[in-house]
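Student: I've just opened this one and I'd like to understand the labels people put on it. Can we go through them together?
Tutor: Sure, let's have a look.

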Amino acid sequence: MTDVHMPFWSMVVFMVKWAFAAIPALIILMVVGFLAAAVMGGVAGGLGTIWHKASTPSDEPAPYTFQPQSTAPATKTPATAAIPKYAERCKGNPEVEKCIALERKLNEETADQSKARQKELDAERAANMATVH
């Protein structure tokens, strides 16, 4: 074939129809592509897990698995070691004993004490905001 003889306006109509027909075709191709990528990603992820399990000792967790935060007490200071519940929250605080004492106090307060403390904080916050504006 060397040439196509077609009137101009017929060609315009044909091209517009062709453009509209391409939209669902592209959507279908994108869905097929996403599904193929998901399958390939799943296969590659599964192979990576199998390979990693074969290359590491069984008692060592894989580096990309979820590890819950340890609840074991830190052993750096006796105060931290005595109270594992507060040790994680106060970990890295230069004043560990003060932090633990405050955490213990907040944990032991009643609902009324908590509401009163919240009112005091709200009043202090409002006073600070008044000085800013």
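Student: What share of the residues in the protein is buried?
Tutor: Of the 133 residues, 9% are buried. Keep in mind that this is a predicted model.

Student: Which helices and strands are there, and how many?
Tutor: You'll find five helices and zero strands. Starting at the N terminus, the order is simply α-α-α-α-α.

Student: Why is M1 called exposed?
Tutor: Exposed means over 50% relative accessible area. M1 has 92% relative accessibility, so it counts as exposed. You'll find M1 in the segment before α1 (8-55).

Student: Which residues make up the nonpolar surface patch with M1?
Tutor: M1 is joined there by V4, M6, M11, F14, M15 and W18, and the patch covers about 820 Å².

Student: F14 and W18 are both in that patch. Why does F14 count as partly exposed?
Tutor: Partly exposed lies between the 20% and 50% limits. F14 is at 46% relative accessibility, so partly exposed is the right label. W18 is at 54%, and therefore W18 counts as exposed.

Student: How many aromatic pairs are there?
Tutor: The count comes to two. One of them is F8 with W9, an edge-to-face pair.

Student: What makes the pair of F8 and W9 edge-to-face?
Tutor: Two values matter here. A pair of aromatic rings is described by the distance of the centres and the angle of the planes. Centres have to lie within 6.5 Å, and planes over 60 degrees apart count as edge-to-face. For F8 and W9 the centres are 5.1 Å apart and the planes make 75°, so the pair is edge-to-face. Both F8 and W9 are exposed, by the way.

Student: And why is the pair of F14 and W18 called stacked?
Tutor: Stacked asks for planes under 30 degrees apart. The planes of F14 and W18 are 25° apart and the centres 6.3 Å apart, so this pair is stacked. F14 and W18 are four residues apart in helix α1, which means about one helical turn separates them.

Student: What does such a spacing do in a helix?
Tutor: An α-helix has 3.6 residues a turn, so residues three or four places apart point the same way.

Student: How do you know that the length of helix α4 agrees with what a helix should span?
Tutor: Helix α4 (residues 96-108) has 13 residues, and at 1.5 Å a residue it should span 18 Å. Its end C-alpha atoms are 18 Å apart, so the two agree.

Student: Which residues of α4 are buried?
Tutor: Those are V96, C99, I100 and E103. Because they cover an arc of only 95° around the axis, they are on the same side of α4. On the other side, K98, K105 and E108 are exposed.

Student: What makes E95 and K98 a salt bridge?
Tutor: The nitrogen has to be within 4 Å of a carboxyl oxygen. The closest N and O atoms of E95 and K98 are 3.8 Å apart, so the pair qualifies. E95 is partly exposed at 44%, while K98, at 57%, counts as exposed.

Student: How many salt bridges does the structure hold?
Tutor: There are three. Another is R117 with E109, where the closest N and O atoms are 2.7 Å apart.

Student: Why is E109 called buried?
Tutor: Buried means under 20%. E109 is at 19% relative accessibility, so it counts as buried. R117 is at 31%, and so R117 counts as partly exposed.

Student: Where do D122 and R125 lie?
Tutor: Both are in helix α5 (residues 111-132), three residues apart, about one turn of the helix. Their side chains meet in a salt bridge, 2.8 Å from N to O. D122, with 37%, is partly exposed, and R125, at 47%, counts as partly exposed too.

Key:
Residues numbered from 1 in each chain as written. Predicted model: local features only at pLDDT ≥ 70, side-chain atom pairs only at ≥ 80, totals over all residues. Heavy atoms only, no water. Helix = DSSP H or I, 4+ residues; strand = E, 2+ residues; numbered from the N terminus. Expected span 1.5 Å × (residues − 1). Buried < 20%, exposed > 50% of the residue type's maximum accessible area, 1.4 Å probe, protein only. Arc of directions from axis to C-beta. Patch = residues over 30% accessible without salt bridge, like charges linked within 9 Å, V, L, I, M, F, W, Y side chains within 5 Å. Areas by Shrake-Rupley, 256 points an atom, 1.4 Å probe, with all protein chains shown as cover. Phe/Tyr/Trp six-rings, centres within 6.5 Å; stacked < 30°, edge-to-face > 60°.
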